[in-house]
2 protein chains.
Amino acid sequence: MAHPVSPLAPKTHPDLPEIAGVRLATAAAGIRYRGRTDVLYVGLDAGTSVAGVFTRSKCPSAPVDWCRANLAGGSARALVVNSGNANAFTGRKGADAVTLTADIAARAAGCRPAEVFVASTGVIGEPLDATKFEGVLEECAGRATGDAAAWRAAAEAIMTTDTFPKLATRTVEIDGARVTINGIAKGAGMIQPDMATMLSFVFTDAPVAAPVLQALLSAATERSFNCVTVDGDTSTSDTLIAFATGKAALAPIAQKDDPRAAAFAAALEDLLVALAQLVAKDGEGARKFVTVRVRGAVDDASAKRVAFSIANSPLVKTAVAGEDANWGRVVMAVGKAGEPADRDRLSISFGDIRVAHEGARDPAYSEEATSAYMKGEDILITADLGLGAGEARVWTCDLTKAYVEINGDYRS
Amino acid sequence: MAHPVSPLAPKTHPDLPEIAGVRLATAAAGIRYRGRTDVLYVGLDAGTSVAGVFTRSKCPSAPVDWCRANLAGGSARALVVNSGNANAFTGRKGADAVTLTADIAARAAGCRPAEVFVASTGVIGEPLDATKFEGVLEECAGRATGDAAAWRAAAEAIMTTDTFPKLATRTVEIDGARVTINGIAKGAGMIQPDMATMLSFVFTDAPVAAPVLQALLSAATERSFNCVTVDGDTSTSDTLIAFATGKAALAPIAQKDDPRAAAFAAALEDLLVALAQLVAKDGEGARKFVTVRVRGAVDDASAKRVAFSIANSPLVKTAVAGEDANWGRVVMAVGKAGEPADRDRLSISFGDIRVAHEGARDPAYSEEATSAYMKGEDILITADLGLGAGEARVWTCDLTKAYVEINGDYRS
């Protein structure tokens with residue numbers, strides 16, 4: 001697990017402010033790792049609404065099943081996250097482990113098990129020994145706090161192959177009241193879009209009713225976490241849950257078309273984009289952060305599929321790792337996407353440098369300038385299909401030898 | 001280009017027999033490489049029928065456009081293949097280069113340009129200077145032969161990052177007449193199924209009419225080349241062409257339902273499977289040959305999609321590279337395929353060792369035995385979905401650091 005910190009890691013991590021009604025504590029329960037925290041307990045005040053987005057995998061983990069079932073209730077009092085074991089593909093035992101976890105947490109929080117949300121990340125197929133939470137969660141509940149150190153510890157406790165903790169915070173003024181949104185996330189492999197990706201938890205003091213929170217969260221996910229890919233692989237455990245304690249000095253937002261919802265939604269999306277980009281920047285073995293932008297597609301959905309075809313192409317990703325402006329591979333990836341494309345209208349740029357235009361190399365293209373651009377840490381690849389107004393933007397990282405190294409010996 | 005020969009390369013390469021009506025010669029035209037052959041010329045006797053299967057890329061190369069257009073004629077007199085430059089995404093210049101190549105070859109072969117088939121492999125987006133074929137093809141035509149050395153040289157001339165030449169031959173007795181089929185192929189990256197993959201050329205003396213040859217070739221491709229993947233990337237240039245000179249002592253096979261067609265088809269498929277497996281065994285950086293078998297899917301098409309989801313997963317492929325029987329990643333890949341699957345009916349085996357059964361780890365599973373199995377060169381992964389009778393089998397290789405190395409500096 002001791003991989004060097006990604007060179008794309010932010011130089012500093014933000015101090016997250018307190019959110020009234022949210023208290024966090026972490027512990028080392030010895031789930032799998034030695035000498036590090038591997039459990040996060042979050043206590044939430046009564047009245048907290050909840051929304052979630054989960055993996056579309058046909059083989060979801062037991063915690064995902066549990067959370068999906070409990071979302072209908074719309075309220076949350078506790079969140080328990082463990083790293084080291086995904087409790088996925090663990091059969092009947094897996095479901096029993098979640099039930100036991102929720103029972104222990106419910107006792108600690110003084111709530112019903114149906115108000116406990118659970119997420120697990122780590123190895124698939126190993127039974128999770130939930131008896132290890134006995135005593136631990138109660139002890140966590142006793143000392144949980146909402147200060148910056150607690151948020152930082154929370155982001156660290158949920159890491160697996162992540163090389164840095166992922167935290168973000170946003171504030172927004174609504175009707176004169178200050179609303180805060182804090183979020184944490186973990187990656188860093190088995191990251192594929194088309195669902196709420198990896199684990200991320202968002203907390204706000206905004207008084208947003210559960211159905212509204214769900215609608216806003218689903219929409220914002222489509223433009224944030226669902227636009228990031230590391231390796232095109234889809235976890236069995238992808239989970240994004242938002243909790244709203246309602247403690248801000250603001251009348252409840254109970255309708256989607258409440259004009260105040262838009263301001264909150266914008267801040268939420270901004271926060272999720274920041275977290276999603278942090279996940280791509282901590283992609284296993286990542287050395288470069290890549291933004292793929294597709295324009296001129298027949299529609300936005302088509303643009304997104306083309307963008308992912310580029311962002312998931314091993315040949316494009318290794319070329320970026322090799323600092324090679326290999327636009328031929330971008331052409332290949334456009335061609336294989338199965339979406340409408342016309343070779344002879346296609347333009348491709350790296351950064352501001354147009355390397356290909358109307359189906360052939362741009363005569364003005366300078367190999368030297370492009371090579372210099374490719375040495376940077378932030379790479380923008382733009383493909384203009386020249387067909388319509390469809391646009392999309394997705395984020396990924398390069399594919400390096402370190403990715404193979406990390407994943408060739410993750411389990412052993 | 002000087003990568004070490006794949007450890008999965010066959011110990012010996014077969015000597016291909018002569019096929020009446022087929023003569024081959026190679027030359028060093030200096031397309032891109034120095035000090036190696038990069039052009040293959042094949043002369044075909046009058047009366048040769050032809051069939052082909054090409055990339056489904058929306059951005060096909062100029063030679064693919066040319067061959068598609070000429071297939072309708074049903075007859076072939078010459079084939080020209082160059083390595084080092086794919087003549088893809090080269091705009092109007094690319095089409096002109098193909099026309100010039102065909103003109104030069106037609107003069108050399110004494111035929112119409114429409115009877116010339118052309119394929120190019122190598123870098124995308126660089127203009128191909130077809131004037132380099134001037135004189136070369138005529139000289140090739142003058143000295144072309146059908147002996148084993150010429151076949152071997154042909155397989156070598158079309159290589160790019162391939163580390164060994166790919167040759168196969170089959171003979172079949174039909175109505176007392178001996179029929180021969182020879183084939184050559186090249187890989188080794190940008191290999192994805194769902195089309196005729198990479199370049200492969202098949203020659204037979206069987207008297208098979210072009211429409212029948214096309215039907216048999218398309219069907220056999222579905223069960224051979226379209227079952228192989230190296231990196232999930234789809235070339236702009238994938239081309240498989242079959243030529244039948246009709247010189248065998250056999251009455252023409254002019255109908256698909258001619259019972260003699262079945263015997264020929266079986267030998268053809270067997271040959272294509274052998275070539276497809278050689279391509280996987282020379283996947284860039286490959287250290288292990290992987291067969292993914294899916295059973296119990298709702299139908300064969302669904303099984304194939306699940307099999308490719310497993311075979312294309314970077315996490316599964318790096319686990320194989322790391323000799324780790326990481327069946328959790330196989331579960332993940334089944335789950336992300338988007339096909340019907342039921343976590344709690346799923347069984348997974350490595351070789352003969354069942355590691356997971358009915359949605360959880362198999363209690364009888366031995367980590368030691370599985371680890372020993374994973375050290376082998378030939379890895380079989382079986383996923384039984386437990387839903388229906390659908391089956392599929394695809395071939396791939398592991399994902400190693402060498403893949404990243406090779407593709408990180410291919411162009412520079």
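Let's start with two strands of chain A, β2 at residues 39–44 and β4 at residues 78–85: they pair in the antiparallel sense over five bridges. If you want a spot to look at, find A:Y41, which stands opposite A:V80 in β4(A). And please keep in mind that this is a predicted model.

Now zoom out a little. Those two strands belong to an open sheet of four, in the order β1-β2-β4-β5 of chain A, with mixed pairing. At the edges sit β1 (22–27) and β5 (116–123), each pairing on one side only. From one strand to the next, the twist averages 10°.

What lies across β2, β4 and β5 of chain A? That's helix α2, residues 91–109, running at about 130° to β5(A).

Next, helix α3 of chain A, residues 136–143, where A:V136, A:L137 and A:C140 are buried. Why do the buried residues line one face of the helix? Seen down the axis of α3(A), they fall within an arc of 90°, so they share that face. The buried residues of α3(A) pack against β1, β2, β4 and α2 of chain A.

Over to chain B, then. Strand β7, residues 177–186, is mostly covered, with eight of its ten residues buried. It pairs antiparallel with β6(B), residues 166–174, over nine bridges, and there B:V172 has B:V179 as its bridge partner. The hairpin of β6(B) and β7(B) has two residues between the strands, and B:D175 takes a positive phi near 55°. β7(B) is also joined by six bridges to β8(B), residues 199–204, again antiparallel. There you can spot B:I184 opposite B:F201 in β8(B).

Thanks, everyone!

Definitions and conventions
Residues numbered from 1 in each chain as written. Chains lettered and ligands numbered in written order. Predicted model: local features only at pLDDT ≥ 70, side-chain atom pairs only at ≥ 80, totals over all residues. Pairing = 2+ DSSP bridges. Axes fitted to C-alpha atoms, helices over the stretch in contact; angles between N-to-C directions. Contact = placed C-beta atoms within 7 Å. Buried ≥ 20, exposed ≤ 12 C-beta atoms within 10 Å, placed from the backbone. Arc of directions from axis to C-beta.
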